[in-house]
Amino acid sequence: MKTAEYSPGLEGVIAGPTTISHVNPELVSLMYRGYDIKDLVQHSTFEEVAYLLIQGHLPSTKEYNDFCALLKSERTIPQAVVDAFKNIPPNSNPMDMLRAGVSILCFHDPDRDDNSHDANLRKAFRLVAKFPALIAYSYRINRGQSIVEPDNTLGHGENFLYMLLGQKPDPYIAHVFDCSLMSYAEHGFNASTFAARVTVSTLSDLYSGTVSAIGALKGPLHGGANEEAMHMLMEVGSPENAEAWVLDALATKKKIMGFGHREYKTGDPRAAILTEMGAEISQKLGDNHWYQTASIVEEVMRREKNIVPNVDFPTSYIYYLMGLPIEIYTPIFALARIAGWTAHMIEQLDNNRLIRPKALYEGPQHVEYVTREQRG
Ligand code: ACO
């Protein structure tokens, strides 16, 4: 058996091959199936990117139209899931509700026990289609609001905004939101994707893998960082306070949320795209307060620690400017990343080998056993 060197947090360890995305820190680039994220954000839609990730190629016009129609036909969720949401205590965490919703949804999927490639594709598309309703419905029900039925004249992202907020978004806002979804859709062997792959590598199913992934994404070192970043910006308060706030936070060894990355050390290409959009949306909405505050935090972090923002930093204030509730930012990350998660689970199952690393045992050896009576 091969042995490998131990690396804390598996840093630098290659845990397996993939053809889904290429994270290239040297070139500060990210490719989905060989396509640069910059080109995809500029020219595609989230639906097209989800198709690319899961099916492996960009859709023709017919494939695209069929796929959009399929997603629309799968937008609603079973009444049993809606009823279950009604029994969750008020003001619950939206990621916990999403995780619970996926668990209940599995009972209503006719392909639940079929792990063939085709059945997995069908399940992947259903999951992508149903995530907006799972998030919007659970949130509204839990906050005492009535649910908003999907509107099939709207695209995937804008329909989510409509179901969450109860009004159709401005087309520009919907466009920026869609760009954020494309940027969040996939990112190699990140913690949540890896959790999904580990789960299905036991020949478990896509729903179980998705539940694992949601649990992993929730933490503030991963997807939870976009919410934490906005809370932090609110604590900073203003551009005038930003420098002193960051210096103080660094002096007291606080982590600055939305900064740093395990792979990107000189720049996150998604952050670059979204920071530009953050400047634009701030200008269009006539509210530069958060962008200016964020820019100073960024400047001080670069100067003091040479640490750059990750994707979660610009999305935090972009979503805030869009009027989205802060506790929904991480579920939005999941709404996009379900495309990457399902693509990875299918790739894992198509060529499976159980993911089962070794532990570096550091405890005592050959301890003499003492019976309970002797232990007193
Ligand atoms: N704020 C302050 N210092 C930081 C930050 C940060 N955000 N990130 C890294 N550092 C410092 C560490 O304190 C450490 O310094 P030291 O060597 O003096 O102790 C050094 O940089 C290396 O940091 P690690 O945490 O060891 O780097 P790692 O690769 O393990 O961490 C991580 C990456 C977890 C993302 C980290 O940068 C972090 O906690 N960031 C804040 C949370 C965040 O934004 N997460 C989102 C990640 S992107 C995503 O999931 C889409």
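**Exercise 1.** Find how many aromatic pairs there are, and describe the pair of Phe-160 and Phe-177.

*Solution.* The count comes to 11 aromatic pairs, where rings of Phe, Tyr and Trp (its six-membered ring) pair if their centres lie within 6.5 Å, with planes under 30 degrees apart counted as stacked, over 60 as edge-to-face and the rest as tilted. For Phe-160 and Phe-177, the ring centres are 5.9 Å apart and the planes stand at 10°, so this pair is stacked. The pair links distant parts of the chain, since Phe-160 belongs to helix H7 (residues 156-165) and Phe-177, 17 residues apart from it, to helix H8 (residues 171-184); helices are DSSP runs of H or I with at least four residues, numbered from the N terminus.

The model is predicted, with local features needing pLDDT of at least 70 and side-chain atom pairs 80 or more, while totals for chains, interfaces and linings use all residues. Residues are numbered from 1 along each chain as its sequence is written, and side-chain values use heavy atoms, without hydrogens and water.

**Exercise 2.** Identify which atoms of Ile-256, Gly-258 and Asn-310 approach the ligand.

*Solution.* A backbone N or O atom of Ile-256 lies 2.7 Å from a ligand nitrogen, and one of Gly-258 lies 2.9 Å from a ligand oxygen. Asn-310 instead uses a side-chain N or O atom, 2.9 Å from an oxygen of the ligand.

Notes:
A polar contact is a pair of N or O atoms within 3.5 Å; within protein, one must be able to donate a hydrogen and the other to accept it, and residues adjacent in sequence count only if both atoms are side-chain atoms. Helices (H or I, at least four residues) and strands (E, at least two) are DSSP runs, numbered from the N terminus.
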